[in-house]
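Reader: I am new to this structure and would like to know what the words used for it rest on. Please take me through the reasoning step by step.

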Amino acid sequence: MRLPGNKLKHLKEFFFTELSELYDESEIEAMFQAAAEHYLDFNLSDLIQKAEENINQSDVLKLYDCAKDLKKQIPLQYILGTAWFYGLPFSVHPGVLIPRPETEELVDIIIQENETATYILDIGTGSGCIPVTLKKNIPQAEVFACDVSTEALTIALQNSQQNEAEVHFVEADVLNASEFAKKLDKPFDLIVSNPPYIIKSERDSLAAHVLDHEPHLALFVDGDDAIIFYKKIIDFCKNSLAPAGKLYVELNPLTAESVKAYARASGIFDEFDLLSDMSDAIRFFRGIRKQ
Ligand SMILES: C[S@@+](CC[C@H](N)C(=O)[O-])C[C@H]1O[C@@H](n2cnc3c(N)ncnc32)[C@H](O)[C@@H]1O
């Protein structure tokens, strides 16, 4: 489809024509606003007041390409190269998971409950959204973060530098327990993780923009044991979570009770509970180690 002109209103019409089969009106409106803010530095009132203004050719092309990429179901955050998390900007590329609102909720709980944490570890850091945000909000803490993906660690380091939050990044495989413990040998008083937790049976229900574009290493738990990451993390806590230290993990509601049962059987937690997210799904585990 050709654009009827170079005015802002024409670009908006183009977004709606291209995307109305895939997204509802409010989603298209939100995507157009985010793209206009990113490429044109226009806020909401600019979008209303400047609807009749001509946009220069190079910006027209950027918005045109953006609409075309959205039509291919490429997530907007990958197209723009940025995702916002807890009020901070994070660079994102297809090598890392786009940070999710549920993870912001988890980070918010952690920040409210752990003002005095000293050694923090994030396992499976992806874009680095968790450790960078924790360092910004719990500044006295020394924050470590690991991932098995070199590509993710490169982006996470970039994000810690961009946001001026010092984080120690370590390449480590949490499924390889002995190597992992050697590389991360501190007692931590706070361990957090949002590990891969989508199980095979859920694959068909995923939206195309997730399944076709986000890294499967970040999304899926392979093999027959759906809670293998949680088991390895809880086992790691036996030696590496300090007395009275806390473990927080994001969960798949389908396996939450199994994770809780494994945590109970480990015998290391004094208190533990499952917490719900804003949509009322069981989403987080919190455990406090015995003194
Ligand atoms: C669900 S993503 C979470 C990313 C980020 N923490 C967030 O919340 O947006 C899971 C992360 O775990 C990493 N990962 C997968 N297998 C791993 C392993 N065996 N050891 C360490 N990290 C792993 C992936 O590369 C991915 O970055």
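Author: A residue is called buried if 20 or more other C-beta atoms lie within 10 Å of its own, and exposed if 12 or fewer do. In this predicted model, buried residues make up 35% of the 291 residues in the protein chain.

Reader: How many helices and strands are there in the protein chain?

Author: The protein chain has 13 helices and 9 strands. Its radius of gyration is 21 Å, and the globule rule gives 19 Å for 291 residues; the two are close, so the chain is as compact as a globular protein of that length. Along the principal axes, the C-alpha trace spans about 70 × 40 × 30 Å.

Reader: What share of the contacts between residues at least 6 apart in sequence joins residues at least 24 apart?

Author: In the protein chain that share is 65%. A contact here requires C-beta atoms within 7 Å.

Reader: What makes the span of helix 2 close to the expected one?

Author: The expected span is 1.5 Å times one less than the number of residues. Helix 2, residues 25–40, has 16 residues, for which 22 Å is expected, and the distance from its first C-alpha to its last is 21 Å. Just after helix 2 comes Asp41, with a positive phi of about 60°.

Reader: Which residues of helix 2 are buried?

Author: Ile28, Phe32, Ala35 and Ala36 meet the cut-off for buried. Viewed down the axis of helix 2, these buried residues fall within an arc of 100°, so they line one face of the helix. Their cover includes helix 1 (8–19), helix 3 (44–49) and helix 4 (57–71). On the face turned away from the buried side, helix 2 carries the exposed residues Ser26 and Ala30.

Reader: Why is helix 7 called largely enclosed by the rest of the structure?

Author: Of the 9 residues of helix 7, 7 are buried, so the description follows. They are Cys129, Ile130, Pro131, Val132, Thr133, Leu134 and Lys135.

Reader: Which helices each supply at least two residues of the shell around the ligand?

Author: Helix 7 (129–137) and helix 11 (216–219) each do so. The ligand is surrounded by 21 residues, the closest being Gly124, Gly126, Val148, Asn194 and Ala218.

Reader: How many residues of the shell around the ligand are nonpolar, polar and charged?

Author: The shell has 12 nonpolar residues, 7 polar ones and 2 charged ones. Gly counts as polar in this scheme.

Note on methods: Residues numbered from 1 in each chain as written. Predicted model: local features only at pLDDT ≥ 70, side-chain atom pairs only at ≥ 80, totals over all residues. Near = placed C-beta within 6 Å. Helix = DSSP H or I, 4+ residues; strand = E, 2+ residues; numbered from the N terminus. Arc of directions from axis to C-beta. Contact = placed C-beta atoms within 7 Å. Rg over C-alpha atoms; globule rule 2.2 N^0.38 Å.
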